[in-house]
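Reader: I'd like a close look at one part of this protein, the sheet. Could you walk me through how it is put together and what sits around it?

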Amino acid sequence: DSSSNGFNFKGIRDYLDCYRSGKLTPSQVAKNIIAMLEDCDKSTPPLRAIVQWDQEQIMLMAEASTARYQNKCTLSYLDGIPVCLKEEFKVVPYHHRVGTVYLGTEPETEDATVTRKLREAGAVIIGVSNMHELGTGTTGCNPNRYHKIARNPYKSNHFTGGSSSGSAAAVAAGLCPVAIGTDGGGSVRIPSSFCGVVGLKGTFGRISSHGSLPLSYSTVSVGPICTSVADAAIVYSILAEPDPLYPYGLKQPKATLCDMCAPDLKGLKLGVDWTFFKACDAEVLSICEKAVEHLQSLGASVVEVFLPEMEEVKVAHAICILSEMRDFLQPDFNKHFHEMNLDTRANMALACQFTALDYITANRQRTRSMRFLQEIFTTVNCILTPAVPCTAPRIYESDLVSGSSDLPFTVRSMRFMQLANFTGIPGLVVPVGYSTAGLPIGFQVMAKWWDEAVLLRVGLKLEQFRCHTKKPSIYYDILS
C-alpha cells in the first residue's frame, strides 16, 4: 500500500478496491477505456500508445470478469485489470506487426505464452502497444503508417524511449496499470525511466518469450511495466515460471517474493562503481546520489565496487544483439529493405559488417563478464546505477516524416542497460524524481541471476524516496 499527498497513479489495488466494493465493474471500466482510446486517437498530437484495439474483444473479457466478481470466483489479482502487450507478442486477433508495415499481414491465430497466462489470470487485454520498428532503437521513433510516434505523457513533444514505447506511454497515461514489454538493450527500462513508471527486466529466461518475435535469442528478457513496484511484483509472480515451449528458462529456480516487504534494508550490501555511476547529466546524478543516501538511511550498506571491462561489454553486447537480429532478419532485409524505416536499415547495414570471429570474441567477453559478476555478487546483493544518463529527448518535425537516427544518443541511453542484457541478470527501474523541465528521472537496481525478490525489496524502499509524483500532462483517470 502506498499513500502520498497529491497525485497518485491508479494501480492494481485501486481497481480491485472498486471491483470488490461494487463501486465499478470491469465492464464499466472497459467502457471508460474504450472512450479514452477513441479520445487518444483524435487528440492533437495523437498519443499512439495503443496501435491496435478492438471494442468487442475488450468487452468480452471485461464481461466475463464482471460475472466472476458477481459469483465471487475471481482467477487472480489481475482479474479485470486492464493490460496491454507490446506488438512484439502474438495476441489473438491482432496483427503481429512488430512495429513494421510488412509483417503480420493476417490477424494472429495463436497467443504468445505471456498473452495466454494473462488471459488465464482474468486480465482484460485492451490491445497491443506501439514499439520502435523491430526493436532496433531506444527513442520509440516509428514514423510508418501503422504506428507513428508514441508521445511521452509528461511532455508530448518528447520521445517515450524504446523499444517498448507504447507500453510505457499507456501506463504513464493511465490507460492501463500494467503493460508487457521485451528488453534486449534496455527496451523495458529506458521507456519506463523516460515515462516515469516502474520497469522490470527479469533474469534471462525467467519469463517465457515464446510467441514473441525471436529478434535476439541471447539478450532479450520479458518484463512488466507498471505504476508501482508492488504491481510489478504481482505481474512477475504470475508470469515467472518455466514454459515447456521456451527452453532457456526450463531449469530456473522457483520465483519467490522473499523478504520483499521487510521493514528496512538492514543486512543488504549495495554495490556502486562511482566512476561508472557518475557518467550522466548533472540533474540525473544529483537525484540518483540522493537516492543512494536514502537507501543507506534505511540500513543498507553501500560498498564501492569495480565493474571491469565496461567498454568491452558495450561493444560485445552490440555485436551480439545486432548479429543475432541480422541473422534472424536476413530474409526481411533482402526482401523488405525499402519498407523498413531508415534507422532500421542503418542498424542492419552496420550488423552486416560483423564477422563470425567478432561474434565468437563477443561471446568470450560474455563469459568473462559473467565471471566478474559472480565474484562481485559474493560481496554485494545489488548493483546500483542511474537508469538512463539523461531525460527523454525532444521530437523534431523531421522525425515525424523520416524518423530519427542518432547513434551517439542510442549508445548513451543504453550505458547502464547493456550489462544486464549481456549477462542475463535482472534489472529494475524506479522513478526517483524530475528534471527542472519536468521530465522523469529513473534509478536502476540490478541483482544476481534469479534474485528478482531483492530488486523488488529495494525498489519498494526507493519509491519512498520520491516525495511527490507529478501528474503527466496527458492522463486518463479510468476509475473516475
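Author: Let's start with the sheet and then zoom out to the chain around it. Keep in mind that this is a predicted model.

The sheet is an open one with eleven strands. Going across it, the order is E1-E3-E2-E4-E6-E5-E10-E11-E9-E7-E8, and the pairing is mixed. At the edges you'll find strand E1 (50-52) and strand E8 (301-304), each of which pairs on one side only. From one strand to the next, the twist averages 35°.

What holds neighbours like these side by side? Strands of a sheet pair through backbone hydrogen bonds, and they can do that in a parallel or an antiparallel way.

For a specific pair, look at strand E7 (residues 269-272) and strand E9 (residues 382-386). They run in the parallel sense and are joined over two bridges. If you want to find a bridge on screen, pick Gly271: its partner in E9 is Ile383.

Now for something that packs on the sheet: helix H7 (residues 229-239). This helix touches strand E4 (178-183), strand E5 (198-201), strand E6 (221-226) and strand E10 (427-434). Compare directions and you get about 140° between H7 and E6.

Okay, time to zoom out. The protein chain has 16 helices and eleven strands. Its radius of gyration is 21 Å, close to the 23 Å that the globule rule gives for 480 residues, so the chain is as compact as a globular protein of that length. Along the principal axes, the C-alpha trace spans about 55 × 55 × 45 Å. Buried residues account for 62% of the 480. Contacts reach a long way along the sequence, too: if you take those between residues at least 6 apart, 79% join residues at least 24 apart. As for the outside, the accessible surface comes to about 18200 Å², and 54% of that belongs to carbon and sulfur atoms.

There's also a label from a database. In an unreviewed entry, UniProt places the feature "domain: Amidase" at residues 35-456. Over that stretch the chain is 37% helix and 14% strand, with the end C-alpha atoms 34 Å apart.

One last stop is Ala349, which lies in helix H11 (residues 342-351). Is Ala349 buried or exposed? Neither, quite: its relative accessibility is 34%, so Ala349 counts as partly exposed. Measuring C-alpha to C-alpha in the model, Ala349 is 26 Å from Gly181, and the two are 168 residues apart in sequence.

Notes:
Residues numbered from 1 in each chain as written. Predicted model: local features only at pLDDT ≥ 70, side-chain atom pairs only at ≥ 80, totals over all residues. Heavy atoms only, no water. Pairing = 2+ DSSP bridges. Helix = DSSP H or I, 4+ residues; strand = E, 2+ residues; numbered from the N terminus. Axes fitted to C-alpha atoms, helices over the stretch in contact; angles between N-to-C directions. Contact = heavy atoms within 4.5 Å. UniProt positions renumbered as here; feature names shortened; annotations may be inferred. Rg over C-alpha atoms; globule rule 2.2 N^0.38 Å. Buried < 20%, exposed > 50% of the residue type's maximum accessible area, 1.4 Å probe, protein only. Areas by Shrake-Rupley, 256 points an atom, 1.4 Å probe, with all protein chains shown as cover.
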